[in-house]
Amino acid sequence: MSKYLFFDMDGTLISPSTGDIPQSAIDGINAAKENGHKCFICTGRSYPLGLEHQNEIEMPGIVFCNGAGIAYDNRILYTRNIHPDTVYHIMDIVNWLGGEFRLLTTEHMYLNEEAYISNGRQWTKYTGESWQQLYEKRGILFISQYKGEPVQKIDVCFSNALTADIFFARVPDDVTLVMAGGYFASMGNLGGEITAKGITKATGIATVLDMYGADLSDSYVFGDSSNDLEMIRLCPNSTAMGNGTEEVKNAADFVTSHCDEDGIARALKHYGLI
């Protein structure tokens, strides 16, 4: 019987030290697919960035923007967007406080000036590409180019605890905030991810299972940071990476080894999926 496997990307599939997917994870997931299991990306990334490693490990199903969107076979099936008024309100507050924001849509990521500089420094350290090359390849644009397209997620971060606390005290009621998840994990309480109210990776997974008429007991999830907590708590077969946060490890049914130490492959073997 097919099982439904959902893999976080950054820190779970993708090594936090190299920016690559370990070969053992690629081999393990390919073996799981050969055994008839359905494998999905389940990420905080936007849809375009969720596709970034498809040449290494093909997974046609992607739950993106922390559950705010679902795509399969290069077709977007579902999105749940943040209200446009709320998007502009959050942008205004973050700019006022001198923080960074990233608007994630189905086609682009829009960065304000602070994020544009910060991302350029952070993301090019693995590739050796220029900011311009990397941004063009990833569909990343400056915020002045944003024309109001639907936004599935907003990432924010701040340089100090004071401005972060001021912002988090002013987060609108019609959104869900996850503190420092995914690729923001290193930000601690200075960063967070924002989706429409009630939207999490867990709701995205539940939607996928409904689409297939599958039972929750047949789902398996793999994650490492705070934006994975809801799916870890939802699914009865949950794995925390050895490099994950203590909160995620405490919530998971199984703790595997570090991402760079065959963590995914070991978890797949633990559950008899390969």
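In this predicted model, Asn 81 counts as partly exposed, with a relative accessibility of 30%. Asn 81 sits in the loop that links strand E5 (75-79) to H3. Beyond its neighbours within four places in sequence, Asn 81 is in contact with Pro 150, Val 151, Gln 152 and Ala 196. The C-alpha atom of Asn 81 is separated by 28 Å from that of Ala 251, which is 170 residues away along the chain.

Three further loop residues can be set beside Asn 81. Asp 8 lies between strand E1 (4-7) and H1. Its relative accessibility of 2% means that Asp 8 counts as buried, since the class covers values under 20%. Leaving out residues up to four places away in sequence, Asp 8 touches Leu 13, Cys 42, Thr 43, Lys 201, Phe 222, Gly 223, Asp 224, Asp 228 and Met 231.

Asn 66 belongs to the loop between strand E3 (61-64) and E4. Asn 66 is buried, its relative accessible area being 3%. The phi angle of Asn 66 is near 55 degrees, which is a positive value in a residue other than glycine.

Asn 74 is placed in the loop between E4 and E5. With a relative accessible area of 65%, Asn 74 is exposed. Asn 74 also has a positive phi although it is a residue other than glycine, here near 65 degrees.

The table lists the accessibility of these loop residues.

| Residue | Relative accessibility | Class |
|---|---|---|
| Asn 81 | 30% | partly exposed |
| Asp 8 | 2% | buried |
| Asn 66 | 3% | buried |
| Asn 74 | 65% | exposed |

**The eight-stranded sheet**

Strands E4 and E5, which flank the loop of Asn 74, form a hairpin with two residues between them. Asp 73, in the turn of this hairpin, has a positive phi of about 50 degrees. Strand E4 (residues 69-72) and E5 run antiparallel and are joined by four bridges. Tyr 72 has Arg 75 of E5 as its bridge partner.

The hairpin strands are part of an open sheet of eight strands, whose order is E5-E4-E3-E2-E1-E12-E13-E14 and whose pairing is mixed. E5 and strand E14 (254-255) each have a single partner strand, so one side of each is left without a neighbour in the sheet.

**The six-stranded sheet**

A further open sheet has six strands in the order E8-E7-E6-E9-E11-E10, again with mixed pairing. Its edges are strand E8 (140-142) and strand E10 (175-179), each of which pairs on one side only. From one strand to the next, the twist averages 25 degrees. E10 runs antiparallel to strand E11 (residues 191-196), and five bridges join the two. One pair across these strands is Leu 177 with its bridge partner Ile 194 in E11.

Two helices that pack on this sheet can be described. Helix H3 (residues 84-97) touches strand E6 (100-104), strand E9 (153-157), E10 and E11. The direction of H3 makes about 160 degrees with that of E6. Helix H6 (residues 161-168) also packs on the sheet, where it touches E9, E10 and E11. The direction of H6 makes about 15 degrees with that of E11.

**A helix pair**

Helix H1 (residues 23-34) and helix H10 (residues 263-270) have axes that come within 7 Å and cross at roughly 30 degrees. H1 and H10 are therefore roughly parallel to each other, as angles under 35 degrees are classed that way. On the H1 side the contact is made by Ser 24, Ala 25, Gly 28 and Ile 29, and on the H10 side by Ile 264, Ala 265 and Leu 268. Sorted by class, the contact of H1 with H10 holds five nonpolar and two polar residues, with no charged residues.

**The chain as a whole**

The chain has 10 helices and 14 strands. The radius of gyration of the chain is 18 Å, close to the 19 Å that the globule rule gives for 274 residues, so the chain is as compact as a globular protein of that length. Taken along the principal axes, the C-alpha atoms fill a box of roughly 50 × 40 × 35 Å. Of the 274 residues in the chain, 55% are buried. Among contacts with a separation of 6 or more, 59% are accounted for by residues 24 or more positions apart.

Note on methods:
Residues numbered from 1 in each chain as written. Predicted model: local features only at pLDDT ≥ 70, side-chain atom pairs only at ≥ 80, totals over all residues. Heavy atoms only, no water. Axes fitted to C-alpha atoms, helices over the stretch in contact; angles between N-to-C directions. Parallel < 35°, antiparallel > 145°, perpendicular 65-115°, else oblique. Contact = heavy atoms within 4.5 Å. Nonpolar A, V, L, I, M, F, W, Y, C, P; charged D, E, K, R; others polar. Pairing = 2+ DSSP bridges. Rg over C-alpha atoms; globule rule 2.2 N^0.38 Å. Buried < 20%, exposed > 50% of the residue type's maximum accessible area, 1.4 Å probe, protein only.
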